[in-house]
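Please open the model in your viewer and keep the sequence panel beside it, since each stop on this tour begins with a selection.

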Amino acid sequence: MSRASNRGSAIAIGLFLALDEVQCGMGRTGKLFAHEHAGITPDVISAAKGIAGGFPMGAVLARETIAKHLSAGSHGTTFGGNPLACAAANAVLDVLLGDGFLAGVTARGRAMHALLSDLVRDFPSVVTGVRGQGLMLGLACAVPNTTLQKACVEELLLTVAAGENTLRIVPPLTITEIDMAEAIQRLRRACTACATPALAAAQ
């Protein structure tokens with residue numbers, strides 16, 4: 001609840017905080033939900049994608065003050081409450097909430113961040129910084145992010161060109177050290193391919 005002043009008297013204004021955790025939720029940042037890093041408590045959360053490990057599912061979580069308005073039958077969907085999707089989500093949650101899993105995501109995220117930082121050091125004409133948290137990371141690009149993305153495709157490495165000229169790196173939460181090392185080697189070759197024309201243009 002926030003308060004606004006109107007001619008010297010305080011007026012209470014009710015505000016609800018709704019957060020989109022479709023991509024950053026379900027352990028992606030090292031917490032079950034990304035907002036936990038900020039120490040805030042939202043009123044509504046949307047979740048999907050990783051919630052059922054790839055099986056199509058979405059969910060809306062809400063405080064009782066909001067959820068009570070969605071009584072049975074007031075918000076019907078053709079596939080709502082699908083038993084198979086719910087079973088898949090339960091299985092995913094069993095893994096995510098298992099002892100040490102989220103801590104492992106955090107540790108792997110830090111390791112990946114350090115490896116990506118080495119690329120920034122070695123290829124300043126291609127990448128300028130590392131963004132993100134946990135295993136939701138991105139490389140800030142000096143070259144067009146689509147150029148680096150195409151170079152990654154040539155190395156058989158899937159990445160995503162995202163906003164603000166970023167190359168998004170979102171590996172599986174279960175990525176191993178061997179897989180990380182392999183991915184970095186492919187990224188390194190992609191950066192090398194992009195660095196050569198960048199250096200030529202600078203000269």
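Begin by selecting helix α3, residues 101–122, in what is a predicted model. At 1.5 Å a residue its 22 residues should span 32 Å, and the C-alpha atoms at its two ends are 32 Å apart, so the expected and computed spans agree.

With α3 still selected, show the side chains and colour the buried positions, which are Phe101, Leu102, Gly104, Val105, Gly109, Met112, Leu116, Leu119 and Val120. Because these residues cover an arc of only 155 degrees around the axis, they lie on the same side of α3. Now turn the view to the face of α3 directed away from that buried side, where you will find the exposed residues Ala103, Arg110 and Arg121.

Next, select β3, β4 and β5, which form an open sheet of three strands in the order β3-β4-β5, with mixed pairing. The edges of this sheet are β3, residues 18–20, and β5, residues 59–62, each of which pairs on one side only. From one strand to the next, the twist averages 15 degrees. Staying with this sheet, narrow the selection to β4, residues 44–47, and β5, which run antiparallel and are joined by four bridges. To look at a single pairing here, pick Ile45 and follow it across to its bridge partner in β5, Leu61.

Move on to the loop between α4, residues 145–154, and β8, and select Thr159 there. Is Thr159 buried or exposed? Its relative accessible area is 11%, and since buried means under 20%, Thr159 counts as buried. If you set aside its neighbours within four places in sequence, Thr159 is in contact with Gln149, Cys152, Leu167, Arg168 and Ile169, so displaying those five side by side with it is a useful way to see its surroundings.

The last stop is the loop between β8, residues 160–162, and β9, residues 166–169, where you should select Glu164 together with Asn165, which is found in that loop as well. Most residues other than glycine have a negative phi. Glu164, however, has a positive phi of about 55 degrees although it is not a glycine, and Asn165, also a residue other than glycine, has a positive phi near 55 degrees. As for accessibility, Glu164 is exposed, with a relative accessible area of 70%, whereas Asn165, at 28% relative accessibility, counts as partly exposed.

Methods:
Residues numbered from 1 in each chain as written. Predicted model: local features only at pLDDT ≥ 70, side-chain atom pairs only at ≥ 80, totals over all residues. Heavy atoms only, no water. Buried < 20%, exposed > 50% of the residue type's maximum accessible area, 1.4 Å probe, protein only. Expected span 1.5 Å × (residues − 1). Arc of directions from axis to C-beta. Contact = heavy atoms within 4.5 Å. Pairing = 2+ DSSP bridges. Axes fitted to C-alpha atoms, helices over the stretch in contact; angles between N-to-C directions.
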